[in-house]
Amino acid sequence: MRRLIIVAIGAAFAAIGAAALALYYYERPTVLHVAVTRESHDQRVLAAAAHEFAQKHESLRLKLVPVESLAESARIFEEDQVDLAIVRSDIDMPVSGQTVLIMRRNAAVVVAPAGSDLHDIEDLKGHKLGVLDAEQTGRMGNHTLLDAALAQYDVSLGTVRRIPLTLAELPEAIERREVDAVLAVDTPGSANLTEAVAAVAQAGRGPPVFLPIEDARAIAQRAPNFEPVEVLRGAFGGAQPKPSASFETLGVSTRLIAKPTLSNDVVSELTELMLNARPSLAAQDPIANRIEAPSTDKGAALPVHPGTLAYLGDEEQSFFDKYSDFIYIGAMLASLCGTAIATFAARFNRRQNTDLELILQRLLEIIAAARAAARADALDDLEREADDLLAKALAHDWNHALSGSRLAATSLALNQARQAISERRAYLAVPRAPFAPRLVGE
């Protein structure tokens with residue numbers, strides 16, 4: 001019985017160890033690799049998020065993988081080198097990507113200097129357009145967006161000369177009439193876009209002219225990677241509101257996307273952590289205030305990850321909900337194992353009891369054999385066997401805790417066997433006269 005108890009204790013410790021190991025793997029932080037454009041707003045925001053998650057000992061960790069452009073970010077995402085990526089909807093948007101968050105919405109702002117005869121996108125035909133390409137957009141930059149806008153207004157792409165510009169080159173290009181208008185794509189109210197508009201106003205010595213893309217909704221219906229964006233009056237500040245009236249233009253979104261294979265629970269938790277961290281992240285970079293949850297429309301052309309939908313729809317599962325089946329199955333298995341152990345223990349005890357009964361039966365046989373023994377050497381053999389039976393009985397008592405009654409019965413039988421052997425040995429030691437038959441009549 002003691003051996004069985006030791007085995008049961010060992011099994012219990014093994015189960016506890018397995019549970020501890022499972023808990024360790026469950027509680028161990030999940031590391032997510034994120035592709036992000038080097039030296040961009042997104043890198044600063046995600047670096048701040050990674051630091052905050054680590055400081056608060058969250059169950060998620062972000063490991064940034066810097067790349068040279070948004071196109072490169074999309075490429076390594078498609079090649080399964082990362083779990084997440086920051087991409088722009090109009091630049092090589094991965095078909096397998098599912099949206100976790102909208103990092104910001106960008107507007108295409110086409111602006112001409114004061115006094116320009118340009119007022120609509122159609123007017124760009126035959127003119128020179130400066131294209132401000134931020135480094136993170138890659139070589140293709142904003143040209144895909146421009147192509148979509150020009151095609152909507154039947155402006156042949158070859159009739160608009162595109163001149164790549166940096167923000168520093170912009171004022172001089174306007175003053176020297178090297179460009180007639182400028183295209184900049186960024187978040188309305190952002191520092192870069194505001195600075196670009198201000199540079200055009202300063203170089204043109206007056207309020208700039210904004211060219212709306214009024215058919216933005218129609219373009220977005222045909223190409224879901226685009227979206228209409230309203231640029232509000234006064235979005236760029238200044239003494240005079242620039243623009244003086246709100247207008248609609250074509251826009252794109254910068255998104256955090258995830259693999260469809262990434263756990264819904266992980267993505268749901270990431271969505272919650274990022275949305276809750278916006279105020280602290282905005283202290284590192286104000287652009288974080290632009291982070292927003294995607295639309296929960298499941299029929300969207302740019303699909304949203306189910307984990308994000310679960311969080312936004314308040315459909316996250318609790319620990320019990322997620323693992324209830326395993327808990328029930330585990331309880332059933334534990335019950336079956338307990339029943340099996342109890343059955344085994346009962347059978348084992350019956351077997352041990354049977355062994356003890358055999359020992360008692362053999363001791364009784366030794367008593368009978370000792371009383372009938374004719375030679376001393378036979379008694380020696382019986383005494384040795386009785387000693388062996390004593391060793392077996394004591395072994396049973398040590399390992400299986402014999403009951404008091406069984407131990408008493410065994411001791412009594414053993415004492416009787418030894419007494420019978422001793423008495424028979426004394427009897428055989430007394431010399432006997434030889435038997436002589438007597439004749440009748442003597």
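**Note on the predicted model**

1. Asp42 is buried, with a relative accessible area of 3%. This residue is found in helix α2, which spans residues 41–55. The side chain of Asp42 makes a polar contact with the side chain of Arg104, at 2.6 Å. Leaving out residues up to four places away in sequence, Asp42 touches Val36, Ile86, Met103, Arg104 and Thr254. Arg104, the polar partner, is thus listed among the residues touched. Everything in this note rests on a predicted model.

2. Overall content. The protein chain has 13 helices and 10 strands. Of its 442 residues, 40% are buried. The accessible surface of the chain is about 24,200 Å². Carbon and sulfur atoms account for 55% of that surface. Consider contacts between residues at least 6 apart in sequence: 75% of them join residues at least 24 apart.

3. The largest nonpolar core. This core holds 34 residues. The members that touch the most other members are Leu62, Leu84, Leu256, Leu270 and Met274. Strands β1 (30–37), β2 (60–67), β3 (84–88), β4 (98–112) and β10 (247–258) each supply at least two residues of this core. So do helices α2, α8 (264–276) and α9 (278–284). A second, separate core has 27 residues, among them Leu124, Val131, Val185 and Ile213. In soluble globular proteins, nonpolar side chains tend to be buried together.

4. Leu84 deserves a closer look. Neighbours within four places in sequence are set aside here. Leu84 then contacts Leu32, His33, Val34 and Ala35. Its other contacts are Leu62, Phe77, Leu256, Ile257, Ala258, Leu262 and Leu270. Leu62, Leu256 and Leu270 also appear among the core members that touch the most others.

5. Strand β3: enclosed or open? In β3, 5 of the 5 residues are buried, so the strand is largely enclosed by the rest of the structure. Both of its faces are covered. Leu84, Ile86 and Arg88 are buried on one side. Ala85 and Val87 are buried on the other. In a regular strand the side chains alternate between the two faces of the sheet.

6. Pairing around β3. Strands β1 and β3 run parallel and are joined by 2 bridges. Ala35 stands opposite Ala85 of β3. With β10, the pairing of β3 is antiparallel, over 5 bridges. There, Leu256 in β10 is the bridge partner of Ile86. Ile86 is also one of the residues that Asp42 touches.

7. Helix α3. This helix covers residues 70–78. Its buried residues are Leu70, Ser73, Ala74, Ile76 and Phe77. What covers them includes β1, β2, β3 and β10. An α-helix has 3.6 residues a turn, so residues three or four places apart point the same way. Phe77 also appears among the contacts of Leu84. After α3 comes Asp80, with a positive phi near 60°.

8. Aromatic pairs. How many are there? The count comes to 2. Phe210 and Phe236 form a stacked pair, 5.8 Å centre to centre, with 5° between the planes. Phe210 lies in strand β8 (residues 209–211) and Phe236 in the loop between β9 (227–231) and β10, so the pair ties together parts that are 26 residues apart in sequence. Phe210 counts as buried, at 13% relative accessibility. Phe236 is buried too, with a relative accessible area of 5%.

9. The other ring pair. The rings of Phe210 and Phe247 have centres 5.6 Å apart and planes at 35°, so this pair is tilted. It links distant parts of the chain: Phe210 is in strand β8 and Phe247 in strand β10, 37 residues apart. Both Phe210 and Phe247 are buried. Ring pairs thus link Phe210, Phe236 and Phe247 into a cluster.

10. Glu195, last. Where is Glu195? This residue sits in helix α6, residues 191–204. Glu195 is partly exposed, with a relative accessible area of 45%. Asp42, by contrast, is buried. The C-alpha atoms of Glu195 and Leu167 are separated by 8.1 Å. Along the chain, Glu195 and Leu167 are 28 residues apart.

Terms used
Residues are numbered from 1 along each chain as its sequence is written. This is a predicted model: local features need pLDDT of at least 70, side-chain atom pairs count only at pLDDT 80 or more; totals for chains, interfaces and linings use all residues. Side-chain values use heavy atoms; hydrogens and water are left out. Helices (H or I, at least four residues) and strands (E, at least two) are DSSP runs, numbered from the N terminus. Buried means under 20% relative accessible area, exposed over 50%, partly exposed in between (1.4 Å probe, protein chains only). Contact means heavy atoms within 4.5 Å. Accessible areas come from the Shrake-Rupley method with a 1.4 Å probe; for residues, only the protein chains shown count as cover. A polar contact is a pair of N or O atoms within 3.5 Å; within protein, one must be able to donate a hydrogen and the other to accept it, and residues adjacent in sequence count only if both atoms are side-chain atoms. A nonpolar core is a set of buried Ala, Val, Leu, Ile, Met, Phe, Trp, Tyr and Cys residues joined through side-chain atoms within 4.5 Å. Two strands pair if DSSP finds at least two bridges between them. Rings of Phe, Tyr and Trp (its six-membered ring) pair if their centres lie within 6.5 Å; planes under 30 degrees apart count as stacked, over 60 as edge-to-face and the rest as tilted.
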